[in-house]
Amino acid sequence: MLKGAGATGLAALIGSCVDTSNVPESGPREIREGEFDIPDWAEAPTGDVSLRWVDSGDAKALYWNAMLEAYSEKFPRISVDYQGTNWNSIQEGITLGLRGGTAPDVFQLPGNITPAAAVAQGWLQPFDDVMPDFAALKERLPAGILADGVTNFDGKTYSLPIYQPAFARLLFINRTLAAESDIDVEQEWTLDSLGEAVRAVTTTGADEYYGILDHLGQPNGMNDACALLAQLSGMHGGVGNDIFASFNWTTGEFNYTDPTWIDVIDWYLGLVRDGCFLPGSISFDAPTARERFPQGQAVFFMQGPWNINLWRADYPDLDLGVAMLPMLDTASPGVITKEPGGGVNYGIAATSEHADVAGNILNFLFSDAGQAQWYAYCGSSDPAHFPPEEAADLDPVHAEVYEFMERYHRIGPSPVVRNQDVVKAVEVVVQPQPNLHDVCAALFTGEATDVRSEMQALQDRANRSLDEAVATARSEGANVSRDDFVFSDWVPSEPYSSLYE
């Protein structure tokens, strides 16, 4: 049954790809002060140059559309075909392009291809060779943004995170609709209080609008949101489709059967059973769900801060509430474990003939001027590595999200960084199928009903997959074992930054 759900889910993913390249090129004027001052470049090409540049769009497309227009005005012989698409299209299109030798010059690495695998296949070229003063930038970036075995290989960087890890989910509230049910939108939300509010507004909406919506049409809907709620409620470490991001590092055991995780899934499914979700949530991808929310089809929505500026531009009359995600007890919150590697990793194709132009463009992004403009366009959506000092004055909402990140984000352990041979297991692991997304989709639709048995079965599949990968890597000479996944000195409330220094 679950295997069938996985196949159906894949078909839905392929069929639901939405191009978001037509996002607006401008947003609120008050955070657009200043213009792009592109520096001179003595080594600029003298002939015509055209680059293809692809990433997942959303808020960062606002920056790139404006910046690349200014760049072409500065260097008229250089044109950049920028396409902001979505994660589903990235995974399908970039994967095919890499394998067929037709990848764009600059692209966002798809989630199904690790930087280690891309480097091993010879698909990437290092940023060290094409970005001026890259050694100085490496020293400047925060701990964990670049890491051996994650972004760096053989002393060079092949995968470049263009921003800090974003807060993957916030609680968005349609304040106008919430007021119809007398909901206090200024509270610190617990799972209980949010559950009560979602049920109340669903009743008030009477099928005209619903309490909440999600986007299970791509593999980070229900499971991603629940993973963050569980961590904030006390689960140590992450849980996700990638088994290498699903550990309690204090024990080296997978989190799929963690009691807090099970409780959060039960809480979520209670809302499903009570008819609180907007119909269609099982098939929506993230851009589709993003459009349904400001249209007044649901009152609550757990998605990322990249929506804020887009809604401001397209739905200026939306009375938007932004709050921290709910947790079991706001008096003793947990923290969210960040993986090393930052947010949205870019690669430069080994086949690119104009990597120096890409390097020059990225060099401006990481300059003080580039970072100030990045913050102005993206805010906390795709958090700048070096936000300007006046960031809080530029936009108080985004400044508050930065405070959320400071309070609740912690860099966690990484077995790959501690022992490079773990990469050999990463390269050969077969991710368990059905994966977490497939299981969650089956639970959402009622095709599966027993949360504990399904999660135990997933935990068993993950253990088998990891054990087999470790055994395969060892047979090929790698010094790796399950002990590499245990960090007995990890204190989840503290950043494990010493590993990245």
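Start by selecting the buried residues of helix H2: Ala-59, Lys-60, Ala-61, Leu-62, Tyr-63, Trp-64, Asn-65, Ala-66, Met-67, Leu-68, Ala-70 and Tyr-71. Keep in mind as you click around that this is a predicted model.

Now widen the selection to the whole helix, residues 59-74. H2 is mostly covered, with 12 of its 16 residues buried. Want to try a ruler? Put it on the C-alpha atoms at the two ends of H2, and you'll get 24 Å. That agrees with the 22 Å the helix should span, because each residue is counted at 1.5 Å.

Next stop: Trp-64, in that same helix. Which residues does Trp-64 touch, once those up to four places away in sequence are set aside? Show Trp-53, Asp-55, Glu-69, Tyr-82, Tyr-346, Ile-361, Leu-362, Leu-365 and Trp-374, and you have the list.

Trp-64 also belongs to something bigger. The largest nonpolar core in the model has 170 residues, and Trp-64 is among those with the most contacts inside it, along with Trp-261, Phe-300 and Met-455. H2 supplies the largest share of this core, 10 residues. As a general backdrop, nonpolar side chains in soluble globular proteins tend to be buried together.

From here, hop to strand S1, residues 49-55. Is this strand enclosed or open? Five of its seven residues are buried, so S1 is largely enclosed by the rest of the structure. Colour strand S2, residues 78-84, as well: S1 and S2 pair in the parallel sense over seven bridges. To see one of the pairings, pick Ser-50 and look for its bridge partner in S2, Ser-79. Then trace the chain from S1 through H2 to S2, a β-α-β crossover that is right-handed.

S1 has another partner to show you. Strand S3, residues 106-108, runs parallel to S1 and is joined to it by two bridges. Click Val-54 and you'll find its bridge partner in S3, Phe-107.

For the last stop, jump to Pro-432, in the loop between helix H17 (422-428) and helix H18 (436-445). Buried or exposed? Its relative accessibility is 4%, so Pro-432 counts as buried, the cut-off being under 20%. Who is around it? Beyond its neighbours within four places in sequence, Pro-432 is in contact with Ile-243, Leu-458, Arg-461, Ala-462 and Ser-465. Before you leave, stretch a distance from the C-alpha atom of Pro-432 to that of Pro-45: the two are 387 residues apart along the chain and separated by 48 Å.

Methods: Residues numbered from 1 in each chain as written. Predicted model: local features only at pLDDT ≥ 70, side-chain atom pairs only at ≥ 80, totals over all residues. Heavy atoms only, no water. Helix = DSSP H or I, 4+ residues; strand = E, 2+ residues; numbered from the N terminus. Expected span 1.5 Å × (residues − 1). Buried < 20%, exposed > 50% of the residue type's maximum accessible area, 1.4 Å probe, protein only. Contact = heavy atoms within 4.5 Å. Pairing = 2+ DSSP bridges. Right-handed = clockwise from strand over helix to strand, strands pointing away. Core = buried A, V, L, I, M, F, W, Y, C linked by side-chain atoms within 4.5 Å.
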